[in-house]
Amino acid sequence: MGENEFDLVVLGGGTGGYVAAIRASQLGMKVAVVEKDKLGGTCLHRGCIPCKALLRSAEIHHTVRESAEFGVDVSTISINFLQMQERKQKIVDQLHKGVQYLMKKGDIKVFHGEGRIMGASIFSPQTGAVSVTRDDGESEIVVPKNLLIATGSRPRTLAGLEVDGVDVLTSDEALQLQSLPKSMIVVGGGVIGIEWASLLNDLGVDVQIVEFADRILPLEDVDISKEMTKLLKKRKIQVHTGAKVLPETIVKNDETVSIQAEKDGSVMTLEAEKILVSVGRVANVENIGLDNTEVRVEQNVIQINDYYQTAESHIYAIGDVIGGLQLAHVASHEGILAVEHMAGLAPRPMDTTNVPKVTYSRPEIASVGWTEQEAKEKGISVKTGIFPFQAIGKALIYGESDGFVKIVADEKTDDLLGVHMIGPHVSDLIAEGALAKVLDATPWEIAHTIHPHPSLAEIMGEAALAVDGLAIHA
Ligand SMILES: Cc1cc2nc3c(=O)[nH]c(=O)nc-3n(C[C@H](O)[C@H](O)[C@H](O)COP(=O)(O)OP(=O)(O)OC[C@H]3O[C@@H](n4cnc5c(N)ncnc54)[C@H](O)[C@@H]3O)c2cc1C
């Protein structure tokens, strides 16, 4: 094999791409990653990690503000936002170094530059050779047996609402803020919008959310959306649902920006220091040479089969660029499955109903499986068990007892259909729900798993008992 020939070339070194490269290296493949920016991609540099680091600072601020209730008097509290940003960057840098080390450890060659898939040529009789153009304009060619496209996604914007990085931001720019605005209009009440609304509110920013759908977090169970709306309103966050922002009405004043939104046939004017646009993500399918391949793109995402193969069987695609659940843990799992399939193993296709999803707001929201509404739409007669954190001793000790856990099960077969949580640390608690889903556990089995006392995890046992009306502490 020549120097620039590889068993696998991964185009894009984000969470999906670099994890796939490591798995391929474990399987004995000669692997290269082509990355035009920084290894770690969106999740590490513009997503999960920096966002959660700031959320943690916001949570600490909230806790300290409430500390008198715990018998801890703090005389003055002030926010040092630059220190929060510095801490965030330190965490990102440390993890970035970790990914670089893992590439070296796995003997994975990293090409820094913009990759573009070439058509069949003397370099490569099949499509998939990749030209890599470095920042200095020089190019080289890498030739793979298999190619994995993992080019990720970028923020979606609204036509007419230009992101200028000053008055109008996406999460990319918001993460780079050097000072906190006094007020923010968050356009879009999905996961990213709600995380930012919660974060900013905990840091004293006046926040209003505008959501086009009739509820925030429209992919979650209706009861969860309702509870979160109630809790956000309690924190004085204004939540406008069923409201359509009218981009063309934006007016930039000296200190503020105003924009109109249409709700129930009437128009309201919203004003704040800045606008954060969080209306979803767009897959990076442009300018990567797909026109030189048979790879199919529909509704702007790459089409794949159960094993992430595109219409050209040696070209695979995973992560945000294939749409679906655009989550880091999904991208990395898809990367592992794709590489195992290339290696001739027989991986089990991913069941998306087993994927946990989390919103890292305060309180957190987490779910796995079908909502009650989805199960009913499929014609299943369901039974549900709901248990509040108010009745969990550890939640009271912890001082965060808003929220509940809801378990959805099949009334006839007892199958577990979904677990929906809102409350403290549910990003960790949902792992039990995900394991129960994978193992096809029934609520009875969850209830008879002994949970330590006092612990937040007790709520899983109680909610499972509640499915059959048998909760102990309700
Ligand atoms: C604000 C925010 C918060 C988030 N929080 C979470 C969370 O808490 N949990 C969670 O699971 N998910 C979260 N996500 C989603 C998560 O970041 C993505 O699902 C994940 O990063 C997708 O991984 P990926 O490998 O598919 O793509 P990416 O991480 O986007 O990586 C793609 C990489 O490809 C590179 N690339 C693109 N084109 C080329 C090219 N032509 N040549 C070379 N390189 C190229 C890019 O530079 C990038 O590094 C969040 C996202 C955002 C925006």
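**A tour from the ligand outwards**

Begin by selecting the ligand together with the residues around it: by class, this shell holds 11 nonpolar, 17 polar and 9 charged residues. Keep in mind throughout that the model is a predicted one.

Next, reduce the selection to the residues that approach the ligand most closely, for of the 37 residues around the ligand, Gly16, Glu35, Thr42, Lys52 and Ala328 come nearest.

**Polar contacts of the ligand**

With the side chains displayed, select Lys52, where a polar side-chain atom lies 2.6 Å from an oxygen atom of the ligand. Then turn to Leu327, whose contribution comes from the backbone, with a polar backbone atom 3.2 Å from an oxygen atom of the ligand. At His329, select the side chain, since an N or O atom there is 3.2 Å from an oxygen atom of the ligand. If you now show the surface of the protein around the ligand, you are looking at a cover that takes up 95% of the 1000 Å² of accessible area that the ligand has on its own.

**Elements that form the shell**

Switch to a cartoon view and colour the elements that give two or more residues to the shell around the ligand, which are the helices and strands α1 (15-26), β2 (31-35), α2 (41-46), α3 (48-65), β4 (114-117) and α8 (328-342). Pause at α2, which supplies 4 residues, the largest share of the shell.

**Two helices that cross α3**

Keep α3 selected and add helix α6, residues 191-202; the axes of α3 and α6 come within 8 Å and cross at roughly 40°. The angle therefore makes α3 oblique to α6, and the crossing of these two helices is left-handed.

Now replace α6 with helix α4, residues 81-105, whose axis comes within 9 Å of the axis of α3 and crosses it at roughly 140°. Here too the angle makes α3 oblique to its partner, α4, but the crossing of α3 and α4 is right-handed.

**Backbone features in three loops**

For the last stops, display the backbone atoms. Select Lys236 in the loop between α7 (222-234) and β11 (238-240), and check its phi, which is near 70°, a positive value in a residue other than glycine.

Move on to the loop between β20 (357-359) and β21 (364-369), where Pro363 has its place; the peptide bond that leads from Arg362 to Pro363 is cis, with omega near -5°.

Finish at Pro454, in the loop between α12 (443-447) and α13 (458-466). Selecting His453 along with Pro454 brings up the cis peptide bond that joins them, for which omega is about -5°.

Terms used
Residues are numbered from 1 along each chain as its sequence is written. This is a predicted model: local features need pLDDT of at least 70, side-chain atom pairs count only at pLDDT 80 or more; totals for chains, interfaces and linings use all residues. Side-chain values use heavy atoms; hydrogens and water are left out. A residue is near a molecule or strand if one of its heavy atoms lies within 4 Å of it. A polar contact is a pair of N or O atoms within 3.5 Å; within protein, one must be able to donate a hydrogen and the other to accept it, and residues adjacent in sequence count only if both atoms are side-chain atoms. Accessible areas come from the Shrake-Rupley method with a 1.4 Å probe; for residues, only the protein chains shown count as cover. Ala, Val, Leu, Ile, Met, Phe, Trp, Tyr, Cys and Pro count as nonpolar, Asp, Glu, Lys and Arg as charged, and the others, Gly among them, as polar. Axes are lines fitted to C-alpha atoms, for helices over the stretch in contact, and angles run from 0 to 180 degrees between N-to-C directions. Angles under 35 degrees count as roughly parallel, over 145 as roughly antiparallel, 65 to 115 as roughly perpendicular and the rest as oblique. A crossing is left-handed if the near helix is turned anticlockwise from the far one by less than a right angle, and right-handed if clockwise.
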